[in-house]
Amino acid sequence: VVDHKTQNAAQSALEKIKHFFETDQDIKKIDPKLNAKFDDRSLSGKVSGSQFKADIAVKDDGSGSIVSVTVDLPLLLTPLKGKVEEVLRKKLNKYLA
């Protein structure tokens, strides 16, 4: 699980996360078949591809929000988990700054 606290309001954070998963080339390098679906009402989303899946949840937290990304990798790709989480942490910092 990758958690990121941001000063962005929850809806704004979700929009930025959508943009990240739809356009970022580094995440596409890890999984070119990545497909993301988001639900604005529940402030959540699901990402799936051939390499990994992830559930995304955004929650209000005081004046900002917390973005949680839960990564699910097939057993054969467990060695990639650290790389996927590293890219997610770096990109969450960039997109939610």
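Buried means under 20% relative accessible area. L43 has a relative accessible area of 16%, so L43 counts as buried. The model described here is predicted. Its sheet is open and has 5 strands in the order β1-β5-β4-β3-β2, with antiparallel pairing. Helix α1 packs on this sheet, and α1 also gives the most residues to the largest nonpolar core.

**The sheet as a whole**

- The edge strands are β1 (2-6) and β2 (35-39), and each of them pairs on one side only.
- Neighbouring strands of the sheet are turned by 15 degrees against each other on average, with direction ignored.
- Helix α1 touches β1, β2, β3, β4 and β5. The direction of α1 makes about 155 degrees with that of β4.

**Strand β1 and its partner β5**

- Strands β1 and β5 are joined by 5 bridges and pair in the antiparallel sense.
- Two residues of this pairing can be located by their partners: T6 stands opposite S65 in β5, and D3 has S68 in β5 as its bridge partner.
- Side chains alternate along β1. V2, H4 and T6 point to one face and are buried, while D3 and K5 point to the other face and are not buried.
- T6, opposite S65, therefore belongs to the buried set under the cut-off of under 20% relative accessible area.

**The hairpins of β3, β4 and β5**

- Strand β3 (residues 44-48) pairs with strand β4 (residues 53-61) in the antiparallel sense, over 5 bridges.
- The two strands β3 and β4 form a hairpin, with 4 residues between them.
- Within this pairing, G45 stands opposite I56 in β4.
- On to the next strand, β4 is joined to β5 (residues 64-72) by 9 bridges, and these strands also run antiparallel.
- D55 stands opposite T70 in β5.
- The hairpin of β4 and β5 has 2 residues between the strands, and G62 in this hairpin takes a positive phi near 60 degrees.

**L43 in the loop before β3**

- L43 is placed in the loop between β2 and β3.
- The phi of L43 is near 55 degrees, which is a positive value in a residue other than glycine.
- This loop residue is also buried, because its relative accessible area is 16%.

**K18 on helix α1**

- K18 is part of helix α1 (residues 10-23).
- K18 has 15% relative accessibility and so counts as buried.
- Leaving out residues up to four places away in sequence, K18 touches F38 and D40.
- With D40 there is also a polar contact: the side chains of K18 and D40 are joined at 2.6 Å.

**The aromatic cluster**

- The count of aromatic pairs comes to 2.
- One pair is F20 with F21, which is tilted, at 4.6 Å centre to centre and 55 degrees between the planes.
- Both residues of that pair, F20 and F21, are buried.
- F20 and Y95 form a tilted pair as well, at 5.2 Å centre to centre with 50 degrees between the planes.
- F20 lies in helix α1 and Y95 in helix α3 (residues 81-95), so the pair ties together parts that are 75 residues apart in sequence.
- F20 counts as buried because its relative accessibility is 0%. Y95 has a relative accessible area of 18% and is therefore buried too.
- Taken together, F20, F21 and Y95 form one aromatic cluster.

**The largest nonpolar core**

- The largest nonpolar core has 27 residues, of which F21, I27, F52, V67, V69 and L88 touch the most other members.
- At least two residues of this core come from each of α1, α2 (25-30), β4, β5 and α3.
- Helix α1 gives the most to the core, with 6 residues.
- Leaving aside neighbours within four places in sequence, I27 is in contact with F20, F21, L34, F52, V87 and L88.
- F21 thus appears both in the aromatic cluster and among the core residues that touch the most other members.

Notes:
Residues are numbered from 1 along each chain as its sequence is written. This is a predicted model: local features need pLDDT of at least 70, side-chain atom pairs count only at pLDDT 80 or more; totals for chains, interfaces and linings use all residues. Side-chain values use heavy atoms; hydrogens and water are left out. Two strands pair if DSSP finds at least two bridges between them. Buried means under 20% relative accessible area, exposed over 50%, partly exposed in between (1.4 Å probe, protein chains only). A polar contact is a pair of N or O atoms within 3.5 Å; within protein, one must be able to donate a hydrogen and the other to accept it, and residues adjacent in sequence count only if both atoms are side-chain atoms. Contact means heavy atoms within 4.5 Å. Rings of Phe, Tyr and Trp (its six-membered ring) pair if their centres lie within 6.5 Å; planes under 30 degrees apart count as stacked, over 60 as edge-to-face and the rest as tilted. A nonpolar core is a set of buried Ala, Val, Leu, Ile, Met, Phe, Trp, Tyr and Cys residues joined through side-chain atoms within 4.5 Å. Axes are lines fitted to C-alpha atoms, for helices over the stretch in contact, and angles run from 0 to 180 degrees between N-to-C directions.
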